[in-house]
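User: Hey, got a minute to walk me through this one? I'd like to start with the fold and then poke at some side chains.

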Amino acid sequence: MKTPRSPSPPSSSSSSSSSAFPLRKARGLSPFLFTLLAFIVFVVTLYGEDFMCLLGQLDPYSSQDDVVAGNTSPRRKWEVEPAFAVGKKPAGCDYFSGRWVWDETAGPLYEESECPYIQPQLTCQAHGRPDRDYQFWRWQPHGCDLPSFNATLMLESLRGKRMMYVGDSLNRGQYVSMVCLVHRLIPNESAKSMETTGSLTVFTAADYNATIEFYWAPFLLESNSDDAVIHRVSDRIVRRGSINKHGRHWKGADVVVFNTYLWWMTGLKMKILQGSFDDEAKEIVEVSTEDAYRMAMRSMMRWARKNMDPRRTRVFFTSMSPTHAKSGDWGGEPGKNCYNETTPINNATYWGSDSRRSIMQVIGEEFGKSKYPVTFLNITQLSNYRKDAHTSIYKKQVSYADCTHWCLPGLQDTWNELLFAKLFYP
């Protein structure tokens with residue numbers, strides 16, 4: 001196990017800079033220096049988040065970059081041994097590069113009817129889906145195997161701890177999948193519960209003194225879509241530098257799984273609020289979606305750096321979940337979508353038009369500069385193949401074919417298998 005590097009001593013340049021203003025002299029500050037210092041305090045107060053991002057370059061836990069941007073996984077070598085690790089993946093193994101294999105012997109890791117925590121929007125069998133084929137495709141990485149999900153190891157590792165998913169309804173689906181994967185190990189119904197209060201949903205495993213939680217924050221930052229129930233607004237606005245509005249609820253978690261993507265996809269521009277939603281006269285600017293998303297990534301990583309200890313906690317980020325609303329993308333009948341699709345896309349290079357490569361580029365660039373070890377769960381490419389796994393019309397309140405969300409059990413169990421692999425075998 002490598003020993004974390006101690007913070008570097010001040011450089012000679014900073015020492016010489018300090019000596020230029022000896023504190024022992026009883027001389028007052030010049031008007032110019034006083035004005036300069038007052039201006040600096042003002043800027044830090046007004047633009048504190050971005051300023052701290054710059055100061056983050058001095059973080060003592062940083063290491064040499066080994067980053068791959070684009071549509072592949074940002075990868076880094078970190079000096080801190082990952083918390084929760086019980087082993088290592090085989091050399092050269094990339095869990096996220098592989099293919100879907102039909103495997104009737106594997107089957108789903110739980111039955112839909114056995115997990116009472118699945119929302120009716122995701123229970124495809126209960127709402128009439130005639131096939132179960134989508135449950136029998138297994139993800140097979142090239143050149144290695146994905147570790148089998150071990151619910152006992154997961155719960156024992158979470159004993160006395162908090163695991164939290166933060167993001168939108170897609171992250172909520174992954175959260176429910178995790179609860180379904182582990183809840184069978186708790187046969188006593190009185191020893192487990194799930195409660196929702198506002199934006200926070202908490203599954204409690206009493207015998208383990210553990211919780212698995214979900215927090216609704218579709219942009220991570222404060223927005224006008226933060227109501228966990230009533231959030232369908234056509235004119236979406238995100239408040240700049242506001243991650244602590246939600247982040248105070250995440251403090252104390254031992255494992256945090258972030259996601260944010262779908263809600264940013266409102267067009268080529270995004271409205272950013274400079275002040276407060278309470279201001280009578282609101283200052284709103286429009287920036288490119290990529291710049292707005294970059295702002296959120298920097299805020300997320302700054303929050304992790306300030307509030308998470310890499311020696312005992314882990315932070316994950318799940319990449320964009322693809323949609324399959326345009327059958328022409330995969331050579332299907334024009335004007336159709338995921339409805340009635342029952343097999344994966346068998347084209348290793350397939351990339352749907354709704355998955356913006358420019359956003360993946362932003363993720364690669366920002367994670368490459370990150371001074372905190374956030375583990376990237378690159379589920380985009382492997383999920384792009386799964387046009388067959390959406391809820392489509394097989395859900396509560398059918399008014400259209402939902403080609404965004406996923407049936408449970410199904411694809412999102414694989415996301416959690418990958419999370420399990422990166423948590424325990426990084």
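User: Which strands does helix α5 lie across?
Analyst: This is a predicted model, to start with. Helix α5, residues 169-182, lies across β3 (162-167), β4, β5, β6, β8, β11 and β12. Its direction runs at about 165° to β6.

User: What's the strand order in the open sheet of 7 strands?
Analyst: Going across, the order is β4-β5-β6-β3-β8-β11-β12, and the pairing is mixed. The edges are β4 and β12 (374-377); each has a single partner strand, so one side of each is left without a neighbour in the sheet. On average, neighbouring strands here are turned by 15° against each other, direction ignored.

User: Which strands of that sheet does α7 touch?
Analyst: α7 packs on the sheet and touches β8, β11 and β12. The direction of α7 makes about 165° with that of β11.

User: Zoom in on β4 and β5. Parallel or antiparallel?
Analyst: Antiparallel, over 6 bridges, with β4 covering residues 192-197 and β5 residues 200-205. Thr 196 has Thr 201 in β5 as its bridge partner, and Glu 195 stands opposite Val 202.

User: How many residues sit between the strands in that hairpin?
Analyst: There are 2 residues between the strands, and Gly 198 in this hairpin takes a positive phi near 65°.

User: OK, other sheet. What's the order in the open sheet of 3 strands?
Analyst: That order is β7-β9-β10, again with mixed pairing. The edge strands are β7 (237-239) and β10 (284-288), each pairing on one side only. Neighbouring strands in this sheet are turned by 40° against each other on average, ignoring direction.

User: How do β7 and β9 run, parallel or antiparallel?
Analyst: They run parallel, joined by 3 bridges, with β9 spanning residues 269-273. Val 238 has Ile 272 in β9 as its bridge partner.

User: And which helix packs on that sheet?
Analyst: Helix α7, residues 289-307, which touches β7, β9 and β10. The angle between the direction of α7 and that of β10 is about 105°. You've met α7 already, packing on the other sheet with contacts to β8, β11 and β12.

User: Switching to aromatics. How many aromatic pairs does the structure hold?
Analyst: It holds 20. Take Trp 216 and Trp 263: their ring centres are 5.6 Å apart and the planes are at 85°, so the pair is edge-to-face.

User: Where do those two Trp residues lie?
Analyst: Trp 216 is in strand β6 (residues 210-216), while Trp 263 is in the loop between β8 (255-258) and β9, so the pair ties together parts that are 47 residues apart in sequence. Trp 216 and Trp 263 are both buried.

User: Which residues form an aromatic cluster with them?
Analyst: Phe 219, Trp 264 and Tyr 293 join Trp 216 and Trp 263 in one aromatic cluster.

User: What about Phe 420 and Phe 424, how are they separated along α10?
Analyst: They're 4 residues apart in helix α10 (residues 411-424), which means a separation of about one helical turn. Their aromatic pair is tilted, with 4.9 Å centre to centre and 55° between the planes. Phe 420 and Phe 424 are buried.

User: Where does the charged end of Arg 386 sit?
Analyst: Over the ring of Trp 100, 4.6 Å from the ring centre. There's also Lys 89, which lies over the face of Tyr 95 at 5.7 Å from the ring centre.

User: Different spot: is Ser 327 buried or exposed?
Analyst: Buried: its relative accessible area is 1%, and the cut-off for buried is under 20%. Ser 327 lies in the loop between β11 (314-318) and α8 (357-369).

User: What is Ser 327 in contact with, leaving aside neighbours within four places in sequence?
Analyst: Gly 332, Glu 333, Pro 334, Gly 335, Lys 336 and Asn 337. As for Tyr 339, 12 residues from Ser 327 along the chain, the two C-alpha atoms are separated by 9.4 Å.

User: Last one, the whole chain. How many helices and strands?
Analyst: The protein chain has 10 helices and 14 strands. Out of its 426 residues, 50% count as buried. The chain exposes about 20,600 Å², and carbon and sulfur atoms supply 52% of that. For contacts between residues at least 6 apart in sequence, 75% join residues at least 24 apart.

Key. Residues are numbered from 1 along each chain as its sequence is written. This is a predicted model: local features need pLDDT of at least 70, side-chain atom pairs count only at pLDDT 80 or more; totals for chains, interfaces and linings use all residues. Side-chain values use heavy atoms; hydrogens and water are left out. Two strands pair if DSSP finds at least two bridges between them. Axes are lines fitted to C-alpha atoms, for helices over the stretch in contact, and angles run from 0 to 180 degrees between N-to-C directions. Contact means heavy atoms within 4.5 Å. Rings of Phe, Tyr and Trp (its six-membered ring) pair if their centres lie within 6.5 Å; planes under 30 degrees apart count as stacked, over 60 as edge-to-face and the rest as tilted. Buried means under 20% relative accessible area, exposed over 50%, partly exposed in between (1.4 Å probe, protein chains only). A charge sits over a ring if NZ of Lys or CZ of Arg is within 6 Å of the ring centre and within 35 degrees of the ring normal. Accessible areas come from the Shrake-Rupley method with a 1.4 Å probe; for residues, only the protein chains shown count as cover.
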